[in-house]
Amino acid sequence: MLIERPRGTKDILPNAVGNWRYAEEKVRDICKKYGFREIRTPLFEHTELFQRGIGDTTDVVEKEMYSFTDRGGRSVTLRPENTAAAVRAYLQNKLYADSQLTKLFYIGSMFRYDRPQAGRQREFHQFGVEALGVASPAVDAEVILLATRFLQSLGLKNLSLSINSVGCPKCRPVYRKALQDFLAPKLDGMCDNCKSRFDRNPLRLLDCKEEKCHQLNAGAPEIADCLCDECRDHFEKLKSYLTALGLKYELDPRLVRGLDYYTKTAFEIKYDNLGAQSAVCGGGRYDGLVEEIGGPATPAVGFAVGLERVLLVLEEQGLLPDSEEKLDVYMVSLGEAAKQITFAITDELRQAGLVVEADLAGRSMKAQMKSADKSGAHFAILIGEEEVASETVQFRDLKAGTQEPVARKDILARIESLK
RNA sequence: GCGGCUGUGGUGAAGUGGUUAACACACUGGAUUGUGGCUCCAGCAUGCGUGGGUUCGAUCCCCACCAGCCGCCCCA
């Protein structure tokens, strides 16, 4: 074995493809019902799109991007997420001209140079949704509802929805300042990790697992207390919509999204048995992103679902569909003359829409019958020298265990009558 | 990027510094005349993640690398 697949990538083998198609089908089903239309953007974009969109100082941009210089000297990057690209496409193709609210979904590969572990790969697949053009919290609610219904349509249970408001450029700095003021005097007693994050991302200190930090955090100001009137009102309305829809949620004041573009609503859907990578869906509102990329101020909300993680949960909960590819007919033949006739009959049956397999290896009848049995085929058609001569076949119903000769021209009709 | 654990055939796995690397499942073939699901028999790793080193000799000892997993970080 000279060359293996790159670290953090996976081959999706034939026996797993059915699971992927199943999940993708559910994605398309629900998006259709909710009026979201599919968009496919390039796998790579100008590096600057992500730097501006996601934020220069985020971990994703600082250390997880697959960036390279192409032969024309441009810096391009394999997309680490699809929101920035969707917004770019929205602007570049003037999709905003179609209607006030533009509803898009995507499904595809994303790339992040991360240390692989269960539920985290370097090439992974996301399904996501973006609703652009409307500021109302009702859109937030609809997007959250869509995410929830999607996961439910797969049969997932034991999911938990957490929501928070991370404020806007007006009020978030106020909170950040308040938090830093509160934490600064206690910083000496905290762990190194917290010390290093104090400047970069003080909101993160709040969910440190170290006991000493945890205690020192008690009584810290919460973002909810610092929201401006507009953000507070937005959040309250969202909550009332969710309640009206019957969606249970937890308020998580420490829920922070790692990408800079999020404003106001942030939410996450988790499945706890997944281990460290327990977030199955994450999203929120990003009212500043379109402008950041050079468009007019345009409010927007969206989310992304990690498909590998969803499939892990489906597997764990035994919710994957049976993907046995059942044969209708297995052809068994003995001898060269029989093989030729077998070819012709196989072709005829397949053209009639049946799933047919024929043994071409020239094995013994017994071996062929074993294969026929294992294949799960409903019928076996056996042709040997006698049948060649009499222009018949032995028609065997493998499920019933019955067998009788049938004229070659009557095979199709026979199958139809028994199916 | 940090810390830890692991790495034997298609799969699950046993094993030892020294002729032929258990066992099970799977797979393939066979058990006299053209037939399946049970049973029985046989075959199936010139090889023990890769590359070095120690040794008379290494799958078992050492080092490096690679990969997977767990935790951190981050995120979906």
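Which strands does α5 lie across? Keep that in mind while you move through this predicted model.

**Stop 1: the sheet.** Select the strands. Eight of them form an open sheet with mixed pairing. Read across in this order: β1-β5-β6-β11-β10-β9-β7-β8. Now pick out the edges, β1 (37-38) and β8 (250-251). Each has a single partner strand, so one side of each has no neighbour in the sheet.

**Stop 2: one strand pair.** Select residues 263-270, strand β9, and residues 279-285, strand β10. The two run antiparallel and are joined by six bridges. Zoom in on E268: opposite stands G282 in β10.

**Stop 3: helices on the sheet.** Add helix α9, residues 229-245. This helix packs on the sheet and touches β7 and β9. The direction of α9 makes about 35 degrees with that of β9. Next, show α5, and the opening question is settled: α5 lies across β6 (123-132), β7 (160-165), β9, β10 and β11 (300-306). Compare directions with β11: α5 runs at about 15 degrees to that strand.

**Stop 4: helix against helix.** Keep α5 (residues 137-153) and add α1 (residues 14-34). Their axes come within 10 Å and cross at roughly 140 degrees. The two helices are therefore oblique to each other. Their crossing is right-handed.

Finish with side chains. On α1, select K26, V27, I30 and Y34. On α5, select L146, R149, F150 and S153, which the α1 group meets. What kinds of residue make up the contact of α1 with α5? Five are nonpolar, one is polar and two are charged.

Key:
Residues numbered from 1 in each chain as written. Chains lettered and ligands numbered in written order. Predicted model: local features only at pLDDT ≥ 70, side-chain atom pairs only at ≥ 80, totals over all residues. Axes fitted to C-alpha atoms, helices over the stretch in contact; angles between N-to-C directions. Helix = DSSP H or I, 4+ residues; strand = E, 2+ residues; numbered from the N terminus. Parallel < 35°, antiparallel > 145°, perpendicular 65-115°, else oblique. Left-handed = near helix turned anticlockwise from the far one by under 90°. Contact = placed C-beta atoms within 7 Å. Nonpolar A, V, L, I, M, F, W, Y, C, P; charged D, E, K, R; others polar. Pairing = 2+ DSSP bridges.
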